[in-house]
Amino acid sequence: MSNFHENGIIILDFGSQYTQLIARRIREQHVYSEIMSSDVSLDVIQERSPKAIILSGGPSSVYEDSSPEYDSKLFAMDIPILGICYGLQLMAHHYNGQVESSSHGEYGFALINIMNSKHLFQSVSSNTQVWMSHMDRVTQMPPGWEIMAESSNGVVAAMGHMESKRFATQFHPEVNHTVEGETILNNFLFKIAGCSPDWTAGNFINEHVEKICEITAGKRVLVGVSGGVDSSVVAALLNKAIGEQSIAVLIDHGLMRKNEAGQCISALRDGLGVNINLHDSSDLFMKKLKGVENPEEKRKIIGEQFIRTFEHIAKDYGDIEFLAQGTLYPDIIESGAPRKGGKAAVIKSHHNVGGLPERMDFTLIEPLKDLFKDEVREVGRELGLPESLVHRHPFPGPGLAVRIIGEVTGEKLEILREADHIYLNILHEEGLYDEIWQAFSILIPVKTVGVMGDKRTYENLLGIRAVTSHDGMTADWFRIPTDVLSKISNKIVNSVKGINRVVYDITSKPPGTIEWE
């Protein structure tokens, strides 16, 4: 069985806001990367046989008792190590240098002067712009180490021990604001660590087909399909791996977009030959949601009911041990998965992660849980999914329930479905849909006064949102041309009974999330 860990990079997470970005930048170069907790044991690292290790940044100080734990024996490994920000300070501290707090930190853009143009800085300008975010600084170099770059403030910006292939930067090469960051990371990956660019969608599929066959061992698997690209890719992957052993099920919870269930079934069954079945459980979900207004409660109710419905459906197919679903890496992070020696803050519970009940009759299979959305789309294309499904905007598992603020009712769902259908159709007509990461409508529990046909109206307020993003972890609002906004608003207000006002959300993430609930 293939093992991409043997040619990959392990990133030890010391709590940086940019840790996931390091992983993304490495994968963009077709090198496998895996994030692990800073306190992971050397044995676990050695099992992966990585080409190199990267130590992330973080908010701690290396000289404090509360600093993150780590296995110091990793520095005895005969592989290259790159420290970034806190990682530089950790290496300086470990190798008997001096790190001290400063009253004048470096934050944001900075210019650095390259003093050693080899190794990390091959083909990098002698003066280059980088992104800094630190308060502590190295005041005494470890024995045998060399200053490779300094900031304009005279602070050590990079250092290295050439013989042991230990390198470190005080700045963040993974951030786009570091102008030549890609070159610096590529130097480490390919010239220092000797990685090979073989982390591709095709190789990912081949590896996971083998893994799925090994895990399932001839047993049948229920595959949860929601209509979005993530679960559709999982269904196609399971179909490729074990064929008729996988039983894809789309549970229509009554919270999907207009015509969505039929379109998904057609694309998977008719297009790829996936063994997929549609189960209408909308009445049951609506009954469970009656009177519920809190968004976290809605997500948890839907998450649990999905599992209970799958358990019920599974009985129709005999003894089924496994449930496969389309969990992605951002889902795990936002749901507060364990990391950095504790738990990430819970931003919102995703129905397939934080919304799952503690007791389940299934063993979960989540082949996409280490991938970002763009990587999932590449896998989907490689599997042969139609572009209309691969590039469909993300859609939350709880569906329109988290796009109706407050209680979900049948009347509100119909209003929102029609309005959202108009909105997305106009984006397609105007050639804007594919430029946008995610676009959707939100029914807001506020009524406003309007006038139609010389008569007073008092109807619902509709919010519309469109964002650009690379992975869903951060996002910016999309600048829809004003004439298109006018077209959207006019058509919705004139076509959808129950809406008399449309507003456009221009909040980025952070501080907002992409979805409203």
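The expected span of a helix is 1.5 Å times one less than its number of residues, and helices (H or I, at least four residues) and strands (E, at least two) are DSSP runs numbered from the N terminus. The model is predicted, so that local features need pLDDT of at least 70 and side-chain atom pairs count only at pLDDT 80 or more, while totals for chains, interfaces and linings use all residues. Residues are numbered from 1 along each chain as its sequence is written, and side-chain values use heavy atoms, with hydrogens and water left out.

**Exercise 1. Helix α6**

Task: Determine what span α6 should have and how many of its residues are buried.

Solution: Begin with the length, where the 14 residues of α6 should span 20 Å at 1.5 Å a residue, and the end C-alpha atoms are 20 Å apart, which agrees. Next consider burial, which means under 20% relative accessible area, with exposed over 50% and partly exposed in between (1.4 Å probe, protein chains only). By this criterion 13 of the 14 residues of α6 are buried, so the helix is largely enclosed by the rest of the structure. Finally, look past the end of the helix, where α6 is followed by glycine 243, whose phi is positive, near 55°.

**Exercise 2. Salt bridges**

Task: Find which residue forms a salt bridge with aspartate 230, and which parts the pair ties together.

Solution: A salt bridge is a side-chain nitrogen of Lys or Arg within 4 Å of a carboxyl oxygen of Asp or Glu, and a search of the whole structure finds 23 of them. Aspartate 230 pairs with lysine 373, the closest N and O atoms being 2.8 Å apart. Since aspartate 230 lies in helix α6 (residues 229-242) and lysine 373 in helix α11 (residues 373-383), the pair ties together parts that are 143 residues apart in sequence. Then check the accessibility of each partner: aspartate 230 counts as buried at 14%, and lysine 373 is buried with a relative accessible area of 6%.

Task: Place the salt bridge between glutamate 260 and arginine 392 in the structure.

Solution: The side chains of glutamate 260 and arginine 392 meet at 3.5 Å, N to O. Glutamate 260 lies in helix α7 (residues 260-272) and arginine 392 in the loop between α12 (387-390) and α13 (410-429), so this pair joins parts that are 132 residues apart in sequence. Both glutamate 260 and arginine 392 are buried.

Task: Describe how arginine 308 and glutamate 304 are placed in helix α9.

Solution: The side chains of arginine 308 and glutamate 304 form a salt bridge at 3.5 Å, N to O. Because they are four residues apart in helix α9 (residues 295-314), about one helical turn separates them. Arginine 308 counts as buried at 19% relative accessibility, whereas glutamate 304 is partly exposed at 37%. Elsewhere, salt bridges that share partners join Arg24, Arg25, Glu28 and Asp374 into one network.

**Exercise 3. The contact of α5 with α11**

Task: Determine at what angle the axes of α5 and α11 cross, and which residues make the contact.

Solution: Axes are lines fitted to C-alpha atoms, for helices over the stretch in contact, and angles run from 0 to 180 degrees between N-to-C directions. The axes of helix α5 (residues 201-216) and α11 come within 9 Å and cross at roughly 80°. Angles under 35 degrees count as roughly parallel, over 145 as roughly antiparallel, 65 to 115 as roughly perpendicular and the rest as oblique, and α5 and α11 are therefore roughly perpendicular to each other. The contact (heavy atoms within 4.5 Å) is made by Ala201, Gly202, Phe204 and Ile205 of α5 and Glu378, Val379, Glu382 and Leu383 of α11.

**Exercise 4. Unusual backbone geometry**

Task: Locate the cis peptide bonds that involve proline 510, and characterise serine 49 and serine 123.

Solution: Most residues other than glycine have a negative phi, and most peptide bonds are trans. A cis peptide bond joins lysine 509 and proline 510, with omega about -15°, and another joins proline 510 and proline 511, with omega about 10°. Serine 49 has a positive phi of about 50° although it is not a glycine; serine 49 is found in the loop between α2 (42-48) and β3 (52-55) and is partly exposed at 35% relative accessibility. Serine 123 likewise has a positive phi, of about 70°, and it counts as exposed at 63% relative accessibility.
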